[in-house]
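Work through the exercises below with the coordinates open. Each task is followed by a solution in steps.

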Amino acid sequence: MATESTTASPLAETGERVCWSCSAPQAAQFCTSCGKVQPSQSVDYFTFFGLPRKLNIDVTRLQREFYELSRKLHPDLYGQTSKQEQEWSLEQSSLLNDAYRTLKDPIKRTEYLLRLEGVELEEQSKSATETARVSGEIKKQVVPPDLLEEVFELNMQLEELRMSRKMGEDDLALIRELQAHKTEFEKKFEVLTQELKQYWDQWDRVADVDQEEKRHQIRDKMVDVLNRRNYIRNLVRDVNEALGS
Amino acid sequence: MSNQRIVGIDLGTTNSLVAFMQGDVPVVIPGDDGLNLVPSVVALNENDQIIVGNAARKYLIETPERAVYSIKRLMGRGIEDIREELKLFPFRLAEDRQPGEVLRIKLGDKTFTPPEISAFILRQLKRNAERFFAAPITQAVITVPAYFNDAQRQATKDAGRIAGLEVLRLVNEPTAASLAYGLDQKQNGIVAVYDLGGGTFDISILKLHDEIFEVMATNGDTHLGGDDIDNLLITIALDDIQGDLGLDVRRNGEIVQTIRKAVIETKIALSSQPAAKLDIELPAGKRYQREITRQQFEDLIRPILDRTIGPCKQAMKDAGVTPEQIEEVVLVGGSTRIPTVRSLVKEMFRREPHTDLNPDEVVALGAAVQANILSGGSEVTQNMLLLDVTPLSLGIEVAGGVTDKIILRNSTVPASATQHYTTQIDGQANVAVHVLQGERELAKDCRSLARFDLKGIPPMPAGLPRIEVKFLIDANGILHVSAREQRSGKEAEIEVQPSYGLTDEQVESMILESFDSAEEDFRQRQVIEARNEAETILSALEKSKKSPAWGQLANGERKQIAKLEKALEEVKQQDDYEKIRKAIDALNQGTMRLAELMMDTAVTTALKGKTMEQADMGESPETGHPVAKADFE
């Protein structure tokens, strides 16, 4: 592990960007005139790929773009250049990889966009559960009201299974019930995914137009669906873990 | 392509190799013994000189306390990581280690850190390459197991620096292998590389796409390989010897090493024979003999090989591919010569594995390809690009001892993540950060990479500072951290305490030591070689003085030669090889006519029907030629 100091990326004062090497105007990640890597700008991932903040993305095109930019920015191509260029290539290609990794996955893409829209997504991950377990606090995760009953029952069954396992028994009837529950949740998960997809379309329709209120509505719906979806994903994982062990 | 020659190095657990790109083809550079593989064995001889490779192997048996093998297993590891290793490997640790210090291995009375021992191996490879090119080599690409963590990678990079090599890139071994494979088979598709070496196992799944080698997922076990098979067989032999012969030889280093050598031979033989015999001479005239059939061997090692299944399945899952989607499975590493390994792979991936490549050399060849790419590329490599991943998730410890993952495993590198920190109490000046690597949920189950303090935070009320910390994994898979307090714009100072590993200062001092001695070694070698050459020429001249040609020279010519001869005699005693070389060249020039005359005499003599001996020349005209330049290549 090494430490380094961050150097401020030199930005053109006028806002008009020119290549540091050949002074050609409007150089983005690399100069279209001389091919050299440019200092990275702090831009969001959509801007990096020149995409509007929309949720339906042509992933094949994104991939092609990713490969093309990799061929321009990857540190392997700067093995024989100045330290400064090597540093820029490292920054640019990590930004490229981070952006591609986030945007190619529709869920990560949605979560990222929501964060850009100022939403702090509720931490529904397993680590929240673990934190709660270790610190003795109540898990901050809020159970979606319509799932309360099922979740309660499921947790009882999981506990029962653990107890019987401790006694060295495998309660087959219980396992079957849990599997049935799991299938049920998986269906719900799929329904929520479909629901989320509809919101993507809705979002994209209003993304460019001046309808802030409408946008906020859709945004909040997406947050809700994502939270429920994550919650169910964690439940399925818990059941899988219990059944698998 | 630049003038700087960059070599590719496979720094293996059992063997190491150095390769380079000769035109369009990567080739391995042999050692001075003519062999491509340099065993990763380091010994200290009776004069406290470091011996590496084949020459060091005999010390493993003769003076096991002065030799070490499989040092790669200790790279970047802490004392608590290696308890298991210590049971199975004769690593002798220095007792005077202070807490927090990198462990050191004893060779005789001296102690060395694992990076220093690896550096000895690297220096040998560097020398082999320098001899081959007759030019200094200062830059290299070194391969590491894909599943190596940050500390293990850093240790490898340190080893390079200590050996006087600028490590331009660490490349994952299976990925390197895929480059060599891809150079051969230019086709698109998904390829799996199953790499079972001496000490480590890696599985990587790649997408080959218009000469882009994109790693989709990687997995492995950095403590699984041929060594484990050997150790199993050694344990069985030791148990047998105690049970059947009532002899406990566990503490006898020499015998254990003799057994090790024998079981390795047996293991290798069983890859081509249905049965092989172990036959080991023991003290007190006793002898251990046992026949092992291939079936028995396969049953024995199956549990070890089965440990490769989990990582393969996980890698396929992470890559989102089924065995049917994989076009080819490439086998790498010496252990994949074992027939049952091949059938296991075939079973898992439901296809015949690709075995055309030499499993011992392919990684080094791939490293040479990558070295070529880094040097600007040649016709065959200029469109090749490697997109590798980080094998392990990077996390930071959050409240409750939980790991918060910020860069997930199998993310393409370089990759980065930004985290924001603040203070809990008014005027707090430091914030502690604990960086971890691994897949487990709790920090204590992950690998601790480093703890560091964000220092010099301007005094502000609690919660107000906003410190942005950027974690960046570079193309070598090594983590870099930078921090900035956003409200003041002040760069936060980071003091990193690596959990394992050498500090920069330590590496620096090791470099100086070894650099000095490397220079010294190089100089001494040159002096010795120049002196040998001088001897050859002087004795040839002595002989030619007895030939009739000597008499045919003019007086002045003979005087001139005598003068040059005297000059060479004088500088020969000095330690300046450049002066010796100059004197040799001068004498060569001065004896040109003598050589011509001798050739003539030789021809005339031959025509007269006399043999060379009768012509009283002592030697054949070729070797008797006083200007015959000794060939030291």
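A residue is called buried under 20% relative accessible area, exposed over 50%, and partly exposed in between. The model used here is predicted.

**Exercise 1.** Classify B:Glu211 as buried, partly exposed or exposed, and describe its backbone.

Step 1. The relative accessible area of B:Glu211 is 26%. This value falls between the two cut-offs of 20% and 50%, so B:Glu211 is partly exposed.
Step 2. The residue sits in the loop between strand 13 and strand 14 of chain B.
Step 3. Its phi is near 70 degrees, a positive value although the residue is not glycine. Most residues other than glycine have a negative phi.

**Exercise 2.** Repeat the analysis for B:Asp210.

Step 1. Locate the residue: B:Asp210 belongs to the loop that links strand 13 (201–209) and strand 14 (212–221) of chain B.
Step 2. Read the torsion: phi of B:Asp210 is about 45 degrees, again positive in a non-glycine residue.
Step 3. Apply the cut-offs: relative accessibility is 45%, so B:Asp210 counts as partly exposed.

**Exercise 3.** Describe the interface between chain B and chain A by its contacts and buried area.

Step 1. Count residues: 47 residues of chain B are in contact with 27 residues of chain A.
Step 2. Take the area: the two chains bury about 3,300 Å² between them, with 55% of it on carbon and sulfur atoms.
Step 3. Find the main contributors in chain B: B:Leu385, B:Pro414 and B:Glu441 lose the most area to chain A, together 15% of what that side buries.

**Exercise 4.** List the polar and charged interactions across this interface, then describe the make-up of the chain B side.

Step 1. The rule finds one salt bridge between chain B and chain A. The side chains of A:Asp76 and B:Arg169 form a salt bridge, with an N to O distance of 2.4 Å.
Step 2. Eleven residue pairs are in polar contact between the chains, counting pairs with both residues at pLDDT 80 or more.
Step 3. Strand 25 (residues 479–485) of chain B supplies six residues, the largest share of the side that touches chain A.
Step 4. By type, the chain B side divides into 24 nonpolar, 13 polar and ten charged residues.

**Exercise 5.** What is the configuration of the peptide bond joining B:Val413 and B:Pro414, and where does B:Pro414 lie?

Step 1. Omega is about -5 degrees, and the bond between B:Val413 and B:Pro414 is cis. Most peptide bonds are trans.
Step 2. B:Pro414 is placed in the loop between strand 20 (402–407) and strand 21 (415–421) of chain B.

Terms used
Residues are numbered from 1 along each chain as its sequence is written. Chains are lettered from A and ligands numbered from 1 in the order in which they are written. Side-chain values use heavy atoms; hydrogens and water are left out. Contact means heavy atoms within 4.5 Å. Buried area is the accessible area (1.4 Å probe) that two parts lose on being put together, summed over both. A salt bridge is a side-chain nitrogen of Lys or Arg within 4 Å of a carboxyl oxygen of Asp or Glu. A polar contact is a pair of N or O atoms within 3.5 Å; within protein, one must be able to donate a hydrogen and the other to accept it, and residues adjacent in sequence count only if both atoms are side-chain atoms. Helices (H or I, at least four residues) and strands (E, at least two) are DSSP runs, numbered from the N terminus. Ala, Val, Leu, Ile, Met, Phe, Trp, Tyr, Cys and Pro count as nonpolar, Asp, Glu, Lys and Arg as charged, and the others, Gly among them, as polar. Buried means under 20% relative accessible area, exposed over 50%, partly exposed in between (1.4 Å probe, protein chains only).
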